[in-house]
Amino acid sequence: MGGDLAMGLSTARNVWDRSADVEFSDGARLHQVVFPTPAFDDAGRAAATSRLTSTQWAQPAIGVTSMATLAVLREIGLHVDGVAGHSFGEVTALAAAGVLDEAGLVAVARARGELMAKAAANGASGGATSAATLSSSCCGYSSLSRRWSIRPETHSGTGSGTASHRCASRIVCG
């Protein structure tokens, strides 16, 4: 998950190094999951892969990978006039625009992943809506509402998830 970029370019590695400062409630840190201690058997490798692909870890890993890629693009002189995103891309777009810093992106991504895991564990299916209020300790950005609306929907049998925008003051994830 972006390992080659981080190992080959110091600009990308610096983003990962800064994300290592974020400690989650279970005491784990993102880099320990994305770049785990090498496993020497199939069971160990499967456990590491399973942990990384669980939504509470995959979401912040994707976010940091996106920010590391963006840092590399900026370093080579590519600058954009605007950003946009769909689904989780909305969160990374907020970070790319400077609304969220890297620690905020990681915190929001982790909370989103936890909500998605909880919804899946509760049997959420097409059309189900799950909403949660995030505490100010999640990211501490007073300019952002901490009310999230996640609404998985099925379109034309594809099973893709879409976000449902309820009002302009919300960050919508889906």
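Trainee: What makes Arg-110 count as lying over the face of Trp-57?
Mentor: Arg-110 is 4.3 Å from the ring centre of Trp-57. A charge sits over a ring if NZ of Lys or CZ of Arg is within 6 Å of the ring centre and within 35 degrees of the ring normal, so 4.3 Å passes the distance test. Bear in mind that this is a predicted model, where local features need pLDDT of at least 70 and side-chain atom pairs count only at pLDDT 80 or more, while totals for chains, interfaces and linings use all residues. Residues are numbered from 1 along each chain as its sequence is written, and side-chain values use heavy atoms, with hydrogens and water left out.

Trainee: How do you know that Arg-110 lies over the face of Phe-24?
Mentor: Here the distance from Arg-110 to the ring centre of Phe-24 is 4.4 Å, so the 6 Å limit is met here too.

Trainee: How many aromatic pairs does a search of the whole structure find?
Mentor: The search turns up two aromatic pairs. One of them joins Trp-16 to Phe-35, with 5.1 Å centre to centre and 80° between the planes. Rings of Phe, Tyr and Trp (its six-membered ring) pair if their centres lie within 6.5 Å, and planes under 30 degrees apart count as stacked, over 60 as edge-to-face and the rest as tilted. With 5.1 Å and 80°, Trp-16 and Phe-35 are therefore an edge-to-face pair.

Trainee: Which parts of the chain does the pair of Trp-16 and Phe-35 link?
Mentor: Distant ones, 19 residues apart: Trp-16 sits in helix α2 (residues 10-19), and Phe-35 in the loop between α3 (30-34) and α4 (42-53). Helices (H or I, at least four residues) and strands (E, at least two) are DSSP runs, numbered from the N terminus.

Trainee: Is Trp-16 buried or exposed, and how do you know?
Mentor: Buried means under 20% relative accessible area, exposed over 50%, and partly exposed in between (1.4 Å probe, protein chains only). Trp-16 has 4%, so it is buried. Phe-35 has 29%, so its label is partly exposed.

Trainee: What makes the pair of Phe-24 and Trp-57 edge-to-face?
Mentor: The planes of Phe-24 and Trp-57 are 90° apart, and the centres are 5.2 Å apart, so the pair clears the 60 degree mark for edge-to-face. This pair also links distant parts of the chain, 33 residues apart, with Phe-24 in the loop between α2 and α3 and Trp-57 in helix α5 (residues 55-75). Phe-24 is buried at 8%, and Trp-57 is buried at 3%.

Trainee: Why are α4 and α5 called roughly perpendicular?
Mentor: Their axes cross at roughly 70° and come within 5 Å. Axes are lines fitted to C-alpha atoms, for helices over the stretch in contact, with angles from 0 to 180 degrees between N-to-C directions. Angles under 35 degrees count as roughly parallel, over 145 as roughly antiparallel, 65 to 115 as roughly perpendicular and the rest as oblique. So α4 and α5 earn the label roughly perpendicular.

Trainee: Which residues of α4 and α5 meet?
Mentor: Arg-51, Leu-52 and Thr-53 of α4 meet Thr-55, Trp-57, Ala-58 and Ala-61 of α5, where contact means heavy atoms within 4.5 Å.

Trainee: What makes Gln-59 buried?
Mentor: Gln-59, in helix α5, has 8% relative accessibility, so it falls under the 20% limit. Leaving aside neighbours within four places in sequence, Gln-59 is in contact with Phe-88, Ala-109, Arg-112, Gly-113 and Met-116.

Trainee: Why is helix α6 (residues 88-96) called largely enclosed?
Mentor: Because seven of the nine residues of α6 are buried. They are Phe-88, Gly-89, Val-91, Thr-92, Ala-93, Ala-95 and Ala-96. Leu-94 also belongs to α6, but at 22% it is over the 20% limit, so it counts as partly exposed.

Trainee: What is the phi of Ser-87?
Mentor: Ser-87 has a positive phi of about 60° although it is not a glycine. Ser-87 is in the loop between α5 and α6, and at 15% it counts as buried. Just after α6, Gly-98 has a positive phi of about 90°.
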